[in-house]
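Trainee: I would like to go through the labels used for this model and ask what each one rests on.
Mentor: Then put the model up and ask.

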Amino acid sequence: MWRTAVSVRTVLGGGALRAVCVLVGGALVLTGCTNNTEESGPAAAKVSVAKVDSIAATLPDKIKQSGKLVVGVNVPYQPNEYKDADGEIVGFDVDLLDAVGAVLGVQVDYVESAFEKIIPAIQAGTYDVGMSSITDSKERQQQVDFTDYFQAGIQWAQQAGKPIDPENACGKKVAVQATTVEHTDEVPAKSEKCVAAGKPAIDIKPFDEQSAATNALVLGQVDAMSADSPVTAYAIKQSDGKIESAGPVFDSAPYGWAVPKNSPLAGVLMAALNHLIDNGQYKTITENWGVQEGAITKSVVNGAER
């Protein structure tokens, strides 16, 4: 996808059962709704990670003294971050940042937040880190710094057997999660091309949660959806054949952990992550969640090319 961090995560929603369905004639229509609980979770247990004193020693004093990283996160955004049946925030992003926390010898405290409030809360000092599948970009680097940890692109999905061309979706209804790059940039740009060519604009349908966007497609309320590649892939997997990909992944860019501008924490997180990359534990975590196609070979700070 790309989750946007404008003034500041996927797939099916989290929670015990957070399916978003529709009311028809006063009756709740359940047929076709997706089950948003991750029943199986990762392929294996969390990796056991040891503290690295030399890296931990470089933490900012505030975090050393508190012994914890306070992390703002928006859910659901499976498989990256979502709630399991017990209400715990879990996912690929969680396992990875927990591993980084172990390297640093600190506890990672996840605080659920509205997506659009994460970046402002980092700027205000409320959170140490923003972890919500946020795409690193040159524009966002004006507000925060990013420690890049994954490579994702955008991928569209369609109802099974009902093909949609992402490059020619003029007049079609396309679901997106509100405030993501798909909502603010990608689909609007495609819609503008339609209008410029004398064709109908794309009817963009924003939803507060990705789970709602996915279910709208499953139920046939929209013709397609656009989301981050790991999110779309996971949604397709969970839909029992109701939806399928609508073309390849495109516009690949890095996910980053957002930290206050010019904070030394960006470099500390980078060093911890590169340690996990070098010893193979990062690769194991990506494979546990089936997202290894987006694995990186080296973490950098502010690595966005655009």
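The exchange below takes the labels one by one.

Mentor: This is a predicted model, in which local features need pLDDT of at least 70 and side-chain atom pairs count only at pLDDT 80 or more, while totals for chains, interfaces and linings use all residues. Residues are numbered from 1 along each chain as its sequence is written, and side-chain values use heavy atoms, with hydrogens and water left out.

Trainee: What is the average pLDDT of the protein chain?
Mentor: The average is 87, and 86% of the residues score at least 70; pLDDT is the predictor's confidence in each residue, from 0 to 100. Over residues 4-40 pLDDT stays under 50.

Trainee: What makes Cys170 and Cys194 a disulfide?
Mentor: A disulfide is a pair of cysteine sulfur atoms within 2.5 Å. The sulfur atoms of Cys170 and Cys194 are 2.1 Å apart, so the pair qualifies. A search of the whole structure finds one disulfide.

Trainee: Why is the disulfide of Cys170 and Cys194 called left-handed?
Mentor: Because the torsion about its S-S bond is about -85°.

Trainee: Why does Cys170 count as buried?
Mentor: Buried means under 20% relative accessible area, exposed over 50%, and partly exposed in between, with a 1.4 Å probe and protein chains only. Cys170 has 17% relative accessibility, so Cys170 is buried. Cys194, at 5%, is buried as well.

Trainee: How do you know that the span of helix H3 (residues 92-104) agrees with its length?
Mentor: Helices are DSSP runs of H or I with at least four residues, strands are runs of E with at least two, and both are numbered from the N terminus. The expected span is 1.5 Å times one less than the number of residues. For the 13 residues of H3 that gives 18 Å, and the end C-alpha atoms are 19 Å apart, which agrees.

Trainee: Why is H3 described as largely enclosed by the rest of the structure?
Mentor: Because 11 of its 13 residues are buried. Among them are Phe92, Asp93 and Leu97.

Trainee: What makes H3 roughly perpendicular to helix H8 (residues 265-278)?
Mentor: The axes of H3 and H8 come within 9 Å and cross at roughly 100°. Axes are lines fitted to C-alpha atoms, for helices over the stretch in contact, with angles from 0 to 180 degrees between N-to-C directions. Angles under 35 degrees count as roughly parallel, over 145 as roughly antiparallel, 65 to 115 as roughly perpendicular and the rest as oblique. The crossing of H3 and H8 is therefore roughly perpendicular.

Technical notes. Contact = heavy atoms within 4.5 Å.
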